Amino acid sequence: MDVDSLSAEVAGAMVRAGSDTVFGLPGGGNNLSVVGAAEAAGMRFILTHTESAAAIMAGTYAELSGAPALCVVTRGPGAASAVNGCAQALLDRQPVVLLTDCVASAERDRVSHQWIDQTALFSSVAKWSGVVGGTDPQETMDRALELAMRPPAGPVHLDFDPTAEGSVPPEPTTDSSDFNRGRLSELVAGARRPVVLAGVGALAAQSQIRALLSGRNVPVLTTYKARGVVADSSPNYAGVLTGASIESPVIEAADLVIAIGLDAVELIPARWIYRAPVVSIGAWGAEVDGFHPALEAVGDLGELVAAVARDLNDDWEIGAASQFRDAAASEVRGDAAGLSPHYVVERSRALSPAGTLATVDAGAHMLVAMPVWSTERSGELLISSGLATMGFSLPAAIGAALARPNRRVVCFVGDGGLGMTLAELETLVRLRLDVTVVVFNDSTLTLIALKQRAEGQGGRRAVGYSPIDFSGVAASCGVPAWQVHAQSEFDSVFDRAISTAGPSLVDVRVDPTSYPDVISAIRGRRQ
């Protein structure tokens, strides 16, 4: 099969699956043929500056659109650069097709330049890694797309090689388990102080979960990925679930834990210490270390939630969940003499329009942003949870702005994470996206410095950067930008930034002295 015909097969399969956008950094040749075929099929192509950023954009776009997204990169160095973004999609359960150019099998014996075993490279960071080639490309693509969407969703990798025989992903396995329905009913009906833990799998059953809680006082904790499954304004919302200590008062008060769509990848590695029996329901198994549920049911999540709803009772006092939430919120404020991270997030939320989306990078600021930024629906607060990679927030903000073109996006990022993705500021300008970047700038890998304090290794040289004027860098890319040094300046500057059409950036010289109190409140004895 010739290159253009195979490109048309790939593009056609993506369109049939509901995909409308391609992200990538082409390397010429076959890549350009795929891009041309995608555009001819009605898809748009988003050019990025790095392959990892392209994969993160694709994953975010897929998560918000509900359809698999295509990411196209070149062979060798392009493929190697995309590994981090592919791993992000794998551990955050995002359906992506990562298509890599490759040294054609017909030329493998004579060409060693830029050749690496790409199917082996991606086998540990994708649900499946194979080849779309000249034989049965439609079957390869259709099965690969089905695999990407099958719970838990995730990326599949395909080498694009018209000279090779295609490979086909494995047949689907049964996504259900045998469980004692009578025992499920008995456990749920017998509880008087049940607590719900909602994880990434709960995103698929948001409406059913809200119906389950209606008219009941049952507290709900959500993981970072499940933020918004229950609205912050709901009387049931009790705060975040991290696997650490901040949620302990809620779970310790329960006589039954109902885990809905909880995934082991979402929690920090810590032993499960709670005494209440656990009922775990989801489209895939929770596999939480030490969790040992009294009953685990894997199957159609909507049906499983309905089964729980039939027997759910509670004797919780009205307002119990809100009391837990408010107590936890007071603990993550911390004390700072200067411009505190808590103030930055709290005021950013207050000054942003209703429905604003936020993306959050890895780093100390995420410990404040995730519990403080309020959200009413899922998909409005996005973070790299499973992989927890730095360099996520800006590419994710671009993906989110493309998926939600009528919504403002606030991108929270540390100086380290923005340093990894600075070139994507040009992408913001080129695409004229309504994204406001808020940089927590203290010239330090602060979360690592907090860990370093306990371990006493490396000193300042291991975690400190020279000061960078990110507002000046942004302005050189065409992004309107401001610096903020004091709390008294923040509101007026942020209000101007959030009201600016297109991209904007606020370089916040944040005071990091409150972070130790914040991490102690969240992780406590389970650090």
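This report describes the overall form, one sheet, one helix, the salt bridges and some backbone features of a predicted model.

## Overall form

The protein contains 21 helices and 18 strands. Its C-alpha trace spans about 70 × 60 × 45 Å along the principal axes. The radius of gyration is 23 Å, which agrees with the value near 24 Å that a compact globule of 527 residues would have.

Of the 527 residues, 57% are buried. Among contacts with a separation of 6 or more, 75% are between residues 24 or more positions apart.

## A six-stranded open sheet

Six strands form an open sheet with parallel pairing, in the order S14-S13-S15-S16-S18-S17. Its edge strands are S14, residues 381-383, and S17, residues 481-484, each of which pairs on one side only. From one strand to the next, the twist averages 15°.

At one end of this order, strand S13 (residues 357-360) runs parallel to S14 and is joined to S14 by three bridges. Val360 has Ile383 in S14 as its bridge partner. Helix H20, residues 487-498, packs on the sheet and touches four strands: S15 (409-414), S16 (435-440), S17 and S18 (504-508). The direction of H20 makes about 165° with that of S17.

## Helix H7 and its surroundings

Helix H7 covers residues 137-149. This helix has 13 residues and reaches 18 Å from its first C-alpha to its last, close to the 18 Å expected at 1.5 Å a residue. The buried residues in H7 are Pro137, Thr140, Met141, Arg143, Ala144, Leu145, Leu147 and Ala148. They pack against helix H1 (3-16) and against three strands, namely S4, S5 (128-133) and S6.

Arg143 also takes part in a salt bridge with Glu171, at 3.6 Å from N to O. Since Arg143 belongs to H7 and Glu171 to the loop between strand S6 (156-161) and helix H8 (181-190), the pair ties together parts that are 28 residues apart in sequence. The two partners differ in accessibility: Arg143 counts as buried because its relative accessibility of 19% is under the 20% limit, whereas Glu171, at 55%, counts as exposed.

## Salt bridges across the chain

The model has 15 salt bridges in total. One of them is formed by Asp263 and Arg93, whose closest N and O atoms are 2.9 Å apart. This pair links distant parts of the chain, 170 residues apart. Asp263 is in the loop between strand S10 (256-260) and strand S11 (278-282), while Arg93 is in the loop between helix H5 (83-91) and strand S4 (96-101). The relative accessible area of Asp263 is 3%, and this residue is buried.

Another salt bridge brings together the side chains of Arg347 and Asp491, with an N to O distance of 2.8 Å. Arg347 lies in helix H13 (residues 341-351) and Asp491 in helix H20, so that this pair links parts of the chain 144 residues apart. Both are partly exposed: the relative accessible area is 24% for Arg347 and 22% for Asp491. In addition, Glu63, Asp92 and Lys225 are joined into one network by salt bridges that share partners.

## Backbone features in loops

Most residues other than glycine have a negative phi, and most peptide bonds are trans. Against this background, the peptide bond from Pro151 to Pro152 is cis, with omega near -10°. Pro152 is located in the loop between H7 and S6.

Ala388 has a positive phi, near 55°. This residue lies in the loop between S14 and helix H15 (393-403), and its relative accessible area of 38% makes Ala388 partly exposed. Arg432 likewise has a phi near 55° and is found in the loop between helix H17 (424-431) and S16. With a relative accessibility of 70%, Arg432 counts as exposed, because the limit for that class is over 50%.

How values were computed: Residues are numbered from 1 along each chain as its sequence is written. This is a predicted model: local features need pLDDT of at least 70, side-chain atom pairs count only at pLDDT 80 or more; totals for chains, interfaces and linings use all residues. Side-chain values use heavy atoms; hydrogens and water are left out. Two strands pair if DSSP finds at least two bridges between them. Helices (H or I, at least four residues) and strands (E, at least two) are DSSP runs, numbered from the N terminus. Axes are lines fitted to C-alpha atoms, for helices over the stretch in contact, and angles run from 0 to 180 degrees between N-to-C directions. Contact means heavy atoms within 4.5 Å. A salt bridge is a side-chain nitrogen of Lys or Arg within 4 Å of a carboxyl oxygen of Asp or Glu. Buried means under 20% relative accessible area, exposed over 50%, partly exposed in between (1.4 Å probe, protein chains only). The expected span of a helix is 1.5 Å times one less than its number of residues. The radius of gyration is taken over C-alpha atoms; the globule rule is 2.2 Å times the number of residues to the power 0.38.
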